[in-house]
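Please look through the sequence and the structure below before reading on. The report that follows takes up a few places in turn, for a reader who has not met this structure before.

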Amino acid sequence: MSKREDYEARTEQLLAPIIEANRFELVDVEYVKEGSNWYLRAYIDKPGGITIDDCELVSRALSDVLDREDFIPDAYIMEVSSPGLGRPLKKPKDYDRSIGKDVEIRTYQAINHEKEFVGALKSYDKDTVTIIINEEETTFAKSDIALIRLALEL
């Protein structure tokens, strides 16, 4: 397990009781470098959406736990936020709640001269994602997908 994956997994464990106590959902945790700064981000959600007060509550509680545990030696900026409407589908629960909804798929390489596809999510497994485009099923290997997220309605 890489340093990044270890930090994310440990942060998820520390967040679990905070999230459960407040009946939130932990959507994702990421530890990423942007420019010269490291960021530890937690994305939370709940039915009806997350408020700034919800983010502040989780941020304060997580900050206290991270200060106590002190397992990340690098300087970093911690953020807690809503995943937003355009969040990527990453975990099985993300796919499960999106079955039947329109998703946007961007591929690394062009497939039939296209790299962007929009269709209703029909099914998925550990290796593939199937969507319905114009009443036809199209299956993508997950390894070919650069991004999959709910399609934004304009």
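## A residue in helix H1

Ala9 belongs to helix H1, which covers residues 3-21. The model described here is a predicted one, and all that follows should be read with that in mind. With a relative accessible area of 29%, Ala9 is partly exposed, because that class lies between the cut-off for buried residues, under 20%, and the one for exposed residues, over 50%.

Ala9 can also be placed relative to Gly86, which stands 77 residues away along the chain; the C-alpha atoms of Ala9 and Gly86 are separated by 23 Å.

## A residue in strand E3

Ser81 is part of strand E3, made up of residues 76-81. Its relative accessibility is 26%, and Ser81 therefore counts as partly exposed. When the neighbours within four places in sequence are left aside, the residues in contact with Ser81 are Ala42, Tyr43, Ile44 and Cys55.

A second distance relates Ser81 to Lys3, 78 residues apart from it along the chain: between the C-alpha atoms of Ser81 and Lys3 the separation is 23 Å.

## The open sheet

An open sheet is formed by five strands, which follow one another in the order E7-E6-E5-E4-E8 and pair in an antiparallel way. At its edges are strand E7 (136-141) and strand E8 (145-150), each of which pairs on one side only. On average, and with direction ignored, neighbouring strands of this sheet are turned by 40° against each other. In general terms, strands of a sheet pair through backbone hydrogen bonds, and the pairing may be parallel or antiparallel.

Within this sheet, the pairing of strand E5 (residues 114-124) with strand E6 (residues 128-133) can be followed in detail, since the two strands run antiparallel and are joined by four bridges. Tyr124 stands opposite Val129, a residue of E6.

## The largest pocket

How much space lies in the largest pocket? The volume comes to about 220 Å³. The lining of this pocket consists of 14 residues, of which Asp45, Gly84, Leu85, Arg87 and Leu150 are the closest to its centre.

Helix H3, covering residues 92-98, gives the most to the lining of the largest pocket, contributing three residues. Sorted by character, the lining of the largest pocket holds five nonpolar residues, four polar ones and five charged ones.

Notes
Residues are numbered from 1 along each chain as its sequence is written. This is a predicted model: local features need pLDDT of at least 70, side-chain atom pairs count only at pLDDT 80 or more; totals for chains, interfaces and linings use all residues. Side-chain values use heavy atoms; hydrogens and water are left out. Buried means under 20% relative accessible area, exposed over 50%, partly exposed in between (1.4 Å probe, protein chains only). Two strands pair if DSSP finds at least two bridges between them. Axes are lines fitted to C-alpha atoms, for helices over the stretch in contact, and angles run from 0 to 180 degrees between N-to-C directions. On a 1 Å grid over the protein atoms alone, a cavity is a set of points where a 1.4 Å probe fits but cannot get out, and a pocket is an open set with protein on both sides within 12 Å along at least five of seven lines; lining residues have an atom within 4 Å of a point. Grid points are joined across faces, edges and corners, and a volume is the space filled by probe spheres set on the points. Ala, Val, Leu, Ile, Met, Phe, Trp, Tyr, Cys and Pro count as nonpolar, Asp, Glu, Lys and Arg as charged, and the others, Gly among them, as polar. Contact means heavy atoms within 4.5 Å.
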